[in-house]
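Hi everyone, thanks for coming along. I'd like to walk you through a fold today, so please have the picture open while I talk.

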Amino acid sequence: YFHIPFCRSRCLFCGCHTTVSKNPERIGAYVELLNQEMSIAAQIVDPKRPVGQLALGGGTPNSLPAALLESFLSSVESQWSLRDEAERSVELDPRTVTEEQLDILLNHRFDRFSLGVQDVAEPVLDLVNRNRGGTRVETVVDRLRARGVDQINFDLIYGLPGQSPSTAEATAERVLELRPSRIALYS
């Protein structure tokens with residue numbers, strides 16, 4: 001598991017270790033530290049030992065610019081012996097993920113994508129500082145499915161300010177229409 005602690009803004013419900021940074025030097029320095037940590041870990045754990053799972057979480061792993069994401073994943077793969085059938089999962093902010101980032105993740109054989117949906121009611125998202133600006137969840141789901149990805153998770157939250165039985169029902173109906181393979185429901 002690699003924790004990428006950067007986000008474009010802080011969602012008010014978040015309990016993760018994360019920071020708001022758009023500074024490419026700071027993000028690059030963090031990734032360099034991850035690379036150094038991998039080298040240290042490889043002195044303790046045999047890097048030839050087969051790895052069955054790779055996970056990127058956060059924050060937002062797609063906060064890494066495309067070139068940095070590519071170089072980081074290449075470093076992981078050159079350092080560790082990932083099995084061909086290893087599950088490779090990533091958490092994404094669907095509002096900010098780019099086509100180029102999806103291409104990179106798919107080229108590195110990521111096969112499970114967790115999308116931070118939270119809720120579909122824009123007034124609810126506005127109240128928790130997660131306004132929708134940017135790519136829509138539906139667009140990301142369509143892009144992934146067009147590329148043969150069928151393991152698409154949705155992270156949802158209940159108990160947010162402004163949620164009501166009717167907004168919860170609307171979210172449930174929209175989620176059912178989009179048919180994720182898994183739902184993580186948090187309070």
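I'll go from the overall layout to the central sheet, and then to a few single residues.

Before anything else, please keep in mind that this is a predicted model.

Let's begin with the inventory. The protein has six helices and eight strands. If you follow the sequence, the elements come in the order β-β-β-α-β-α-β-α-β-α-α-β-α-β. The radius of gyration is 17 Å, close to the 16 Å that the globule rule gives for 187 residues, so the protein is as compact as a globular protein of that length. If you lay a box along the principal axes, the C-alpha atoms fill roughly 55 × 35 × 25 Å.

How much of the protein is buried? Of the 187 residues, 43% are buried. On the outside, the protein exposes about 9,800 Å², and carbon and sulfur atoms supply 52% of that area. Here is a number I like for thinking about the fold: among contacts with a separation of 6 or more, 76% are between residues 24 or more positions apart.

Now to the sheet. What is the strand order? It is an open sheet of six strands, ordered β1-β4-β5-β6-β7-β8, and the pairing is parallel. The edges are taken by β1, residues 2-4, and β8, residues 182-186. Each of these two has a single partner strand, so one side of each is left without a neighbour in the sheet. On average, neighbouring strands are turned by 15° against each other, ignoring direction. As a reminder from the textbook, strands of a sheet pair through backbone hydrogen bonds, either parallel or antiparallel.

Let's walk across, starting at the β1 edge. β1 runs parallel to β4, which covers residues 50-58, and three bridges join them. A handy landmark here is Ile4, which stands opposite Gly58 in β4. Moving on, β4 is joined by six bridges to β5, residues 81-92, again in parallel. There you can look for Pro50, which has Ser81 of β5 opposite. To get from β4 to β5, the chain passes through helix α2, residues 66-79, and this β-α-β crossover is right-handed.

Further along the sheet, β6 (residues 112-118) pairs with β7 (residues 151-157) in the parallel sense, over six bridges. The landmark for this pair is Ser114, standing opposite Asn153 in β7. Then β7 and β8 run parallel and are joined by five bridges. Between these two we meet another right-handed β-α-β unit, made of β7, helix α6 (residues 165-178) and β8.

That brings us to a residue I'd like to stop at, Ile183. You'll find Ile183 in strand β8, where it is the bridge partner of Phe154. Is Ile183 buried or exposed? Neither, quite: its relative accessibility is 46%, and since the partly exposed class runs from 20% to 50%, Ile183 counts as partly exposed. Which residues does Ile183 touch, beyond its neighbours within four places in sequence? Those contacts are Phe154, Leu156 and Val175. Compare that with the start of the chain: Tyr1 is 182 residues away along the sequence, and its C-alpha atom is 20 Å from that of Ile183.

Next, two loop residues for those of you who check backbone angles. Arg109 sits in the loop between α3 (99-107) and β6. Its phi is near 65°, a positive value in a residue other than glycine. Arg109 is partly exposed, with a relative accessible area of 41%. The second one is Asn129, in the loop between α4 (122-127) and α5 (137-146). Asn129 also has a positive phi, near 60°, and is likewise not a glycine. With a relative accessible area of 34%, Asn129 is partly exposed.

One last stop, just past that loop. Thr139 belongs to helix α5 and is partly exposed, at a relative accessible area of 30%. How far is Thr139 from Pro94 in space? Their C-alpha atoms are 8.6 Å apart, while 45 residues separate them in sequence.

So, if you keep one picture from today, let it be the open, six-stranded parallel sheet, with β1 and β8 at its edges. Thanks for listening, and I'm happy to go back to any part of it.

Key. Residues numbered from 1 in each chain as written. Predicted model: local features only at pLDDT ≥ 70, side-chain atom pairs only at ≥ 80, totals over all residues. Heavy atoms only, no water. Pairing = 2+ DSSP bridges. Helix = DSSP H or I, 4+ residues; strand = E, 2+ residues; numbered from the N terminus. Axes fitted to C-alpha atoms, helices over the stretch in contact; angles between N-to-C directions. Buried < 20%, exposed > 50% of the residue type's maximum accessible area, 1.4 Å probe, protein only. Contact = heavy atoms within 4.5 Å. Rg over C-alpha atoms; globule rule 2.2 N^0.38 Å. Areas by Shrake-Rupley, 256 points an atom, 1.4 Å probe, with all protein chains shown as cover. Right-handed = clockwise from strand over helix to strand, strands pointing away.
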